[in-house]
Each structure stands twice: as C-alpha cells, then as structure tokens.
Amino acid sequence: MSYSGEHILLSSQREGQISRFPAWVMLVVPLAAILFQVYVPLFFEFLSFLEMPLLVVVYFALMRRSQVGGLLLGALVGLAQDSLSKNPLGMLGIVNTLVGYFAASVGLRLDVDHPLIRLLLAFFFFLFHQFFYWLLAHALLGQQVAFEIQRTLVLGLLNAVVGISLFHFLDKLRKAA
Amino acid sequence: MESFFNRYRSITILLLAILAQLVLVAFQVKNDRDVRMIRVWTVTAVTPVARIAEALRGGSSGFIRNYVVLHDAHEENRQLQEEVGRLKLENNDLKNEMSMADRAKALAVFQSRTPSKTVAATVIMVGAGTSSKVVFVDRGSVSGVERGMAVVTPDGIVGKVITAYPTASSVLLITDPDFAAGVVSQKGLVHGTLKGQGTPICRVDYVPFEEKVEPGEWFYTSGADRIFPRGFPVGVVKAVRSAQPFKEILVEPSAMAHGLEDVLILIAGVHQPIPDTPPVNQPVFIGSPPPADTMKPPDNPGNAPPGAPAGTEADKLRAQYRDIGAAQGHKFGEGTPGSKAPDFNLKLPGPVGTPAAPAVPPGGAAQR
C-alpha cells in the first residue's frame, strides 16, 4: 500500500488492504516482545517503561485489520504477560483483548501507514491500556494504586516514538502483495 | 440465528473472550488459587530462552567490546595510543571480572558461614508489566525451592518466592507494594512491619510514635513473619517523620543497592541474633597475602614511589620514556615543532623507573 501524506481516512475499500505476515513472524515477534520486556530491563532498567508486547499487539491488529485476529492475539499475549507477573491470569489478558479488538476496528477506517496516525494510535492505546488496567486492578482486585497521569502521558509519548520505529521495522516483514 | 451470529461475529467473540477471562480472574481471586498450568507452560517456554541469552551475554559483550577497541585503534593509527587504550580496557575488564568474582566469593562465603541451609540462584529475568517488582531466578521445585521461602543476599533480604516452577521461581521483591515482613531496629529493638511502596524506598509501619528510631539506624528481620529468620539485615533508615499514632519511617533496602544478579534462597532458615554493629562491618574472608618476593606490582604506578616496578607494559614504556627524557634534560610537551627529539634508543643503566644520571655533556645546554 502506497503511503499518502494528504489524507488519513480511507476513501475506498481498496485502500484498506489487509497486510499479511508469514506464520513465523506472528509467532516469533510477540514472543520476542515478551522476552524483551522480561529480560532487557534486567540490565537496562530504564527500558522497563517500554510496553513492547502492547506495541506488537497494536501493530498486528492495525495492519491485519481483523477484529477477531486482533482480540485473539491480544488475549494470548496478555495471558502470557500475566503468567510472567504476579497478576491473576486474565488481568492483562482482558486489557490486551480490548486493545487488539479496537485497534483492528480503527485499522478498518484509518490509513494506518501514515506515521502521524501510527504515533497517535500508539499513544492512545498505551493510555487506554494503562487506564483500563488500573481500572480493573481497582475494581476486581481492590488495589488502591494511584493513577499517575503525568507519568503515564510521558511514558505514552515515549512508547509511541519507539512504536513508530518498531512499526517501520515490522513493515519490512510483511508479505509482498 | 446463524445470520445474527455472522452479523455480530466479532463482537460476540470479544464478549466471550472477555467473559472467559473475567471468570478466570474471579476464580483465582475468590478461591485464592492460581491456574498453575498456564503459568507453568509460559514459564517453561520462556525461561530456557532467557537462560541461553544470559549465557551468551558475557561472550557477546566481550566480542562487541573488542571489535570497538580494534576499530578505534585502526582509526587512530597510532601505535602507542592503541597499546595504552587496549591495556586500559583490559584493565577495566579485569576489574569488572574481579568485581563479579568478589560478589560470587562474598556469596559463597556468606553461604558457607550462615547457619541457614541455602541454595544459590541467578536472576534470569524480571516480571512482565511496567510496574513489576517481581524477578525470576533459575532455581525451582527441582532444587527444593517452595513457595514462601525467603530470598537473601549477603547485603540483606531480597524478597520471597511467590511461585515455584520446576526449573525456575518467581520472587516478589521487598519493594513491591504487596510485600510485607516483620522487622526490628538495631538499637532500640523496635518492632515494625516493612512494606514495599513500588519505589526503591520501603517504609516501616506500625512503629508507635513514642518509640525512638533515628536516621542511619539499621533494621533487621524480626522472624515474626515466619518467612525470614531473625537477624538478616533489611536496610538503613533514611528518614523518620513523627505522626499519630505511628511513625513514618523510610528505609533504603541494603540488598538492592548494587543491583541483583546472584541470590540465596533459604531452604531452611535459622534465626540469628541481631548484631551489635551494622552489617557493613561484618567480617569478610580475606586470604593470606602472598610472599614478599612475589608481590604484584601496584596497579597505579603513576602514584607509586620512584624506583617501584611499573604495572602494565604501557606504564613501563611510559616510565622508560620519562627516564630517557630526564637523562637528556628533555621536558615532554615543551618542544617546538621541528626541534630535535630526544634519543629514545638511549640505553639507561639500572632498572626502568629509576632516575638516571643526566647524559648531557658538561657545559652542554639542555635541549628544549
């Protein structure tokens, strides 16, 4: 799909072509993102702000434009993250399921090859992820954790900037149309 | 019905997925039980990759460092600078290795001296999530690790095992908001409850305001929680604020000060008395010094007394050039471009590093 700097809404169905990826990419990239999250901060603690699994879920959901595929990928990645945390299983699963579903829904309507759109979507879904997780932890687990808005906004921006580069790299793994 | 499902297929699957996970969460919260199978699958899939990455880390970092060194040396194209740079880096590498060896040695010494039965473990990854205060270690139920066991280092307590998998365990760090442990102050033996805050600093709760606790004082485990045996260092008090009915005490955990790499899991803890002195003064095993005639040259020959043997080859070369310059009355860095350089092939009597007699002929002016 050719990049258009003029418009960000899809004017025709033909523009919203589904990106296809090799099976190994769909398996290895989420696994690598999870490994990045659990291994790299061990040596570079400042990188713990990166939500690589979330960015990967957003990317595949946006590009594949399949709501069912997006929510299933989100659920699997979220459950894997839950397994590697002290959370009850399902907390991050629910959040990532919703992220996958909504990202795929947005991908059906917007030109997701546009860098600005990608930046805004990565930023928005990070905030959505953090807020919804906080909401679930508050409502289901009774955790009295403060929602730090300023910190979340800054982290969202940082994740969005990293997300742009990550999305650009993952674009190269797409199957040629 | 079929057409209805087809029309709302996506939203139906979304609701089913959310509902299933809500039930999963509710089951775990209500019964206080974990769905262990899914966690075991994930941990078993991920930890081998983390172990391999950990094993490869040392080798690859050395390769990258060497490559950068060679690349820089090629660009500089100066033989002496290349030699000095390489030796300095080698020196740094050796110091790093010594530091790692010291930590491993301290852990081994602590393990042999502590009356508690322990098993050594390495931290292989951290828990998922941006605010996670959980780490995974490479020892699991196969090594005798069980849920609830204490995890310590020679510097202090680290956390407790919250899940033991066959080949790995997850450890809740003391900085996690869910963590709590019974502690006691060193001087006044004031009891309290250590709690994590999600930040590098912990707090001690339930210390009555009339009790005396001062900044700089150490806290130790009290043994009251039945997890940590009595007498393990926890941390030093950074701030004390008076409040009603309990004091606000902030403690900096001592085990986290230098990062976490190797830890000990207490398989069978033994209570110990609270020491009179802070843990920094605890005796550490130091081997006997080598004989005088095989003494290693000092690491920093620039500060060594005259005549002392130099450390590295670069230092020896530097000392030799300094002596040659002194012998010919030459001061390095003061010559103008085109002026005659000192004769570096001059043979000096005596060992390198000792001041030689000036080789300038009587009445001759020193070259500048």
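What pattern does chain A follow when read along the sequence? In this predicted model, chain A follows the pattern α-α-α-α-α-α, with six helices and zero strands. Of the 177 residues in chain A, 54% are buried. Among contacts in this chain between residues at least 6 apart in sequence, those joining residues at least 24 apart account for 74%.

The packing of helix 2 of chain A against helix 3 (residues 67-83) of chain A was examined in detail. The axes of these two helices lie 9 Å apart and make an angle of about 170°. Since angles over 145 degrees count as roughly antiparallel, helix 2 of chain A and helix 3 of chain A are therefore roughly antiparallel to each other. Helix 2 of chain A contributes A:Pro53, A:Val57, A:Phe60, A:Ala61 and A:Arg64 to the contact, while helix 3 of chain A contributes A:Gly69, A:Gly70, A:Leu73, A:Gly74, A:Val77 and A:Gln81. By class, six nonpolar, four polar and one charged residues make up this contact.

The largest nonpolar core holds 94 residues, of which A:Leu84, B:Leu194 and B:Phe219 touch the most other members. The element that gives the most to this core is helix 2 (residues 52-64) of chain A, with 11 residues. When residues up to four places away in sequence are not counted, A:Leu84 touches A:Ile34 and A:Val38 in chain A. On the side of chain B, A:Leu84 touches B:Thr42, B:Val43, B:Val46, B:Met125, B:Gly127, B:Ala128 and B:Phe136. A second, separate core comprises 18 residues, including B:Val151, B:Val158, B:Val161 and B:Ala255.

Strand pairing in chain B was considered next. Strand 3 (residues 150-153) of chain B runs antiparallel to strand 4 of chain B, and four bridges join the two. Within this pair, B:Val152 stands opposite B:Ile157 of strand 4. The connection between strand 3 and strand 4 of chain B is a hairpin through two residues. Strand 4 (residues 156-164) of chain B is mostly covered, with nine of its nine residues buried. Strand 4 of chain B also pairs with strand 5 (residues 169-173) of chain B, in the antiparallel sense and over five bridges. Here the bridge partner of B:Val161 is B:Val171 in strand 5 of chain B. A hairpin with four residues between the strands is formed by strand 4 and strand 5 of chain B.

Further along chain B, six strands close into a barrel with antiparallel pairing, in the order 6-7-8-11-10-9. From one strand to the next, the twist averages 40°. Strand 6 (residues 180-185) of chain B and strand 7 (residues 191-195) of chain B run antiparallel and are joined by five bridges. One of the residue pairs links B:Gly182 to its bridge partner B:Thr193 in strand 7 of chain B.

The loop between strand 10 (233-241) and strand 11 (248-253) of chain B contains B:Pro245. This residue, B:Pro245, has a relative accessible area of 48% and is therefore partly exposed. Although B:Pro245 and B:Val207 are 38 residues apart along the chain, their C-alpha atoms are separated by 8.4 Å. With residues up to four places away in sequence not counted, B:Pro245 touches B:Val207, B:Pro208 and B:Phe209.

Definitions and conventions:
Residues are numbered from 1 along each chain as its sequence is written. Chains are lettered from A and ligands numbered from 1 in the order in which they are written. This is a predicted model: local features need pLDDT of at least 70, side-chain atom pairs count only at pLDDT 80 or more; totals for chains, interfaces and linings use all residues. Side-chain values use heavy atoms; hydrogens and water are left out. A nonpolar core is a set of buried Ala, Val, Leu, Ile, Met, Phe, Trp, Tyr and Cys residues joined through side-chain atoms within 4.5 Å. Buried means under 20% relative accessible area, exposed over 50%, partly exposed in between (1.4 Å probe, protein chains only). Contact means heavy atoms within 4.5 Å. Two strands pair if DSSP finds at least two bridges between them. Axes are lines fitted to C-alpha atoms, for helices over the stretch in contact, and angles run from 0 to 180 degrees between N-to-C directions. Angles under 35 degrees count as roughly parallel, over 145 as roughly antiparallel, 65 to 115 as roughly perpendicular and the rest as oblique. Ala, Val, Leu, Ile, Met, Phe, Trp, Tyr, Cys and Pro count as nonpolar, Asp, Glu, Lys and Arg as charged, and the others, Gly among them, as polar.
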